[in-house]
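Me: Can you take me through this one? I'll ask as I go.

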Amino acid sequence: MILLALVNLGDEAYGVPIAGEIEKHRGREVSLGSIYAALDRLEVRGIVASRLGDPTPERGGKARRYFRITDEGLRQLADTRKVLEKMWSRMPALKGERA
Amino acid sequence: MKRRAAPAFAGWMVEHLVPGDRSDGLAGDLLEQLAAGRTSRWYWRQAVAAVASGWFALLNDQRPLLILALLWSSLAPAWTACFNRLQDGALAYAETWRMDTPWSSVSAFSLWMVLNLLFIWTPIFLCLIPNTWISRSISRRRFRLALLLTAFVFFAGYFVEWVLFMVFSWPGPAIPGHSFTPTAELTDVRTWALMLRIPYFLSVLCALWTTQVPTAAGPCEEAVPQPRSLTGHRERVLPADPSRFNLVGLPGLLVSGFVSALFACLLLCRMPGIHGVVNAKLVVEALVYVGMAALAGAGGTALYWNSSDSPFTSNPPLSFDRFALVTAASWVWVPVAFLLVVHHSPAAPFAIALGAASLAAGLRGAIPEPIIPEAPVKGMFEGALRTGCRDWNGLLIAVCVATAAWAFSRGLSLPAAIPLATAGFVFAWKYRIAPADSADNAQVIRRDLVKLCGTAMTAVLVTLAVMVFGFAGRGYRLAGVPDSKSTVPNQARRAQARQALSKSSGYQSIILWPLPQKNEPVSPPPEHEQLLVPDTAHPLIIRFDGPYWYFQSPHRQPSSKAHQAHGTPVDYRIEASGGQLTMEAHQFLNGRIPLSDCREIQMTVANRNNAPGTISLAMLLTNSELRGKPAVYLGQQPVVSTEPAHFSFKSAPVTEVLRFSVPDKARLRTFNEITVMFLPERGRSYLAPEIAIQQFALFSR
């Protein structure tokens, strides 16, 4: 979900919009700390990359940290999508779901 | 957008408790959301979740390290059992470790530290080998750092635990050391065993973490390789604001300086000898002690300052000369504190606190005040109304002083030094005004040099006073209770005893005879007479007038060249220079007493023992006239006032009566000697019990 949010947000993806994007689709509040923890792990694995923006007064003088998905991340995302689509295509319609 | 302040503690949590160095982005995001209308409650929720999820993710990534550290530290009690066996066995008799005081303490501590570090470092090497095989190279610097850090964490953890034990469960846990077996200790889950595992767990985890866990890198796109200097070390990135002093490296500098000064004191500082005290010599000794402590402290600081691990290798916030001068003004107090601590003086905590306060005041005077931009105040008194009057430093000082007072009231002068020193340091640090501007460097150094000279001279005078009064106090203690009727020969004999019983006398063994009692002749019972005082039903009383034997294992009695002196054990502190010290008391009777006539022997003892640890007394009845000197063992009885539950600091001897039942049937029919063996618990067997035997009461059957 975080990777998809990053793709959707493009270059302006930092903690707040990523959390907002996920909350919008999930309908539940998301902890910013858990998003950063997950992004850190993805960064260590080379799936996302980050850069620091300019500090702003409303952020207490702290800079934004912008994330973007790397080429390796895009490749893995595409692979995951293929696998998921294949598995969903073979899945019979679930109860309560429209065919 | 209107800026709202985050809840103070929650903000601190986000900035300091979230692992990794990426908390700035998170803190900024939270502040941005707060400014956008989120509530403080939401901020709190996010802060707690961030800390929890951050640590969970970090620990989850390092599960193998945690499990290894946990498993390895669970072996600690078994290791301790092996170590104790080794120490009591082969090493106790090894000539290498048989040194005179204080070298015996140094060698024992070194042995303990080295063996424990070998145990702790083993998993590092175990992890290093597979890592090298998989060609995942480990930084040599980090490996070295891990080894050093482990030693520090282990020692600090052990020391803190010991202090906590002393403060909250004086005189420490009752550990049945003699019944230890390494295999049984593997599954030992008693409190003391669990507590023992904690410093080992922290040390092993710290070592593994330092060598295995990669340091958090900055953002990928901003990670720029740091330039290398000609010597191969990476150049350090300077802080943006040079007026902000980097406090991260400060504890390391202070610890290295302090340890060096302490080591110099350990090697040099001695109280003056019992005889031949010359005032001029004392003055020179005090000067040397203070001077060497200051030099050693500066040397230790210089070592760390110039090491590759130091944060001050390039563009330090103040010059080394100045830092060395400022800190040396506190190292000069180390000899005073050392001498007072070694001689169990109640003034020791105050000397330590004085040194800590001096250190803090000196540092505060040298370190520039960080420039913190003030928030604009809109209305009159708004700032005063907004800023709460909370002084956590005052609270900390009050708690420390109260803890120190409580420890003093319990007679724990050394543990009281820690809170007192903390209070002194914080007080001096917070309430000394930092310099507003930096004057000419040469002028400042001259000023600091003058200050150091003044402080050093004061320290020399105090050291001199401690040496003179310490000498006088020790002389009084060794002389025992002054006797106005004592004769000149008695004084000479006591002086000889003092000389003999000083720790550095170097005697292989000592025989201590009680001082002769005037007009109280010993009345050994006549042979074959009932054990009753004539014409009464009272038990027969035999006042103890025999010798006390002090000798070291593996001997079984004092050597033929044993030094003989007069005195009572409650007035002397006799330590073994190596190995186990054995103490016995022997009461010789003029006649033989039939064993069948005696039902019970009650022994009255005077205990003035202030070292923790249970001491038991065992009694033997011997017939020394028969071949082979057959004996009957009457068992052993603990001295109740030495047991942990009844222990208290004693300024005067406590009298106690121990009862020993005599069997009616034994292979011995008569006895003419009573032997009392002093059996201290392991761990304090190097120190002779300060227990004197007063009399025996023999009850007829």
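Reply: Below I answer in order, on the chains, their contact, a helix and a strand; the model is a predicted one.

Me: Fine. What does the secondary structure of chain A come to?

Reply: Four helices and two strands. Along the sequence of chain A they come in the order α-α-α-β-β-α.

Me: And chain B, how many helices and strands?

Reply: Chain B has 20 helices and eleven strands.

Me: How much of each chain is buried?

Reply: In chain A, 30% of the 99 residues count as buried. For chain B the figure is 30% of 701 residues.

Me: What about contact separation in chain B?

Reply: Taking contacts in chain B between residues at least 6 apart in sequence, 83% are between residues at least 24 apart. In chain A, residues 24 or more positions apart make up 36% of the contacts with a separation of 6 or more.

Me: Switching to the interface. How many residues of each chain are in contact?

Reply: 26 residues of chain B contact 24 residues of chain A. On the chain B side, the elements giving two or more residues are helix H2 (23-35) and helix H3 (40-61).

Me: Which one gives the largest share?

Reply: H2(B), with eleven residues.

Me: What classes of residue are on that side of chain B?

Reply: Twelve are nonpolar, seven polar and seven charged.

Me: New topic, H13 in chain B. Where is it, and what does it span?

Reply: H13(B) covers residues 320-331, twelve in number. From first C-alpha to last it reaches 16 Å, close to the 16 Å expected at 1.5 Å a residue.

Me: Mostly covered or mostly open?

Reply: Mostly covered, with nine of the twelve residues of H13(B) buried.

Me: Which ones?

Reply: The buried residues run from Phe323(B), Ala324(B), Leu325(B) and Val326(B) through Thr327(B), Ala328(B) and Ala329(B) to Ser330(B) and Trp331(B).

Me: Last thing, strand S2 of chain B. Which side chains point to which face?

Reply: S2(B) is residues 540-543, and its side chains alternate. Leu540(B) and Ile542(B) share one face and are buried. Ile541(B) and Arg543(B) point to the other face and are not buried.

Me: Why the alternation?

Reply: In a regular strand, side chains alternate between the two faces of the sheet.

Me: What does S2(B) pair with, and which way do the strands run?

Reply: S2(B) is joined by four bridges to strand S11 (residues 691-700) of chain B, and the two run antiparallel.

Me: What stands opposite Leu540(B)?

Reply: Leu698(B), in S11(B). Leu540(B) is one of the buried residues of S2(B).

How values were computed: Residues are numbered from 1 along each chain as its sequence is written. Chains are lettered from A and ligands numbered from 1 in the order in which they are written. This is a predicted model: local features need pLDDT of at least 70, side-chain atom pairs count only at pLDDT 80 or more; totals for chains, interfaces and linings use all residues. A residue is buried if 20 or more other C-beta atoms lie within 10 Å of its own, exposed if 12 or fewer, and partly exposed in between; C-beta atoms are placed from the backbone. Two residues are in contact if their C-beta atoms, placed from the backbone, lie within 7 Å. Two strands pair if DSSP finds at least two bridges between them. Ala, Val, Leu, Ile, Met, Phe, Trp, Tyr, Cys and Pro count as nonpolar, Asp, Glu, Lys and Arg as charged, and the others, Gly among them, as polar. The expected span of a helix is 1.5 Å times one less than its number of residues.
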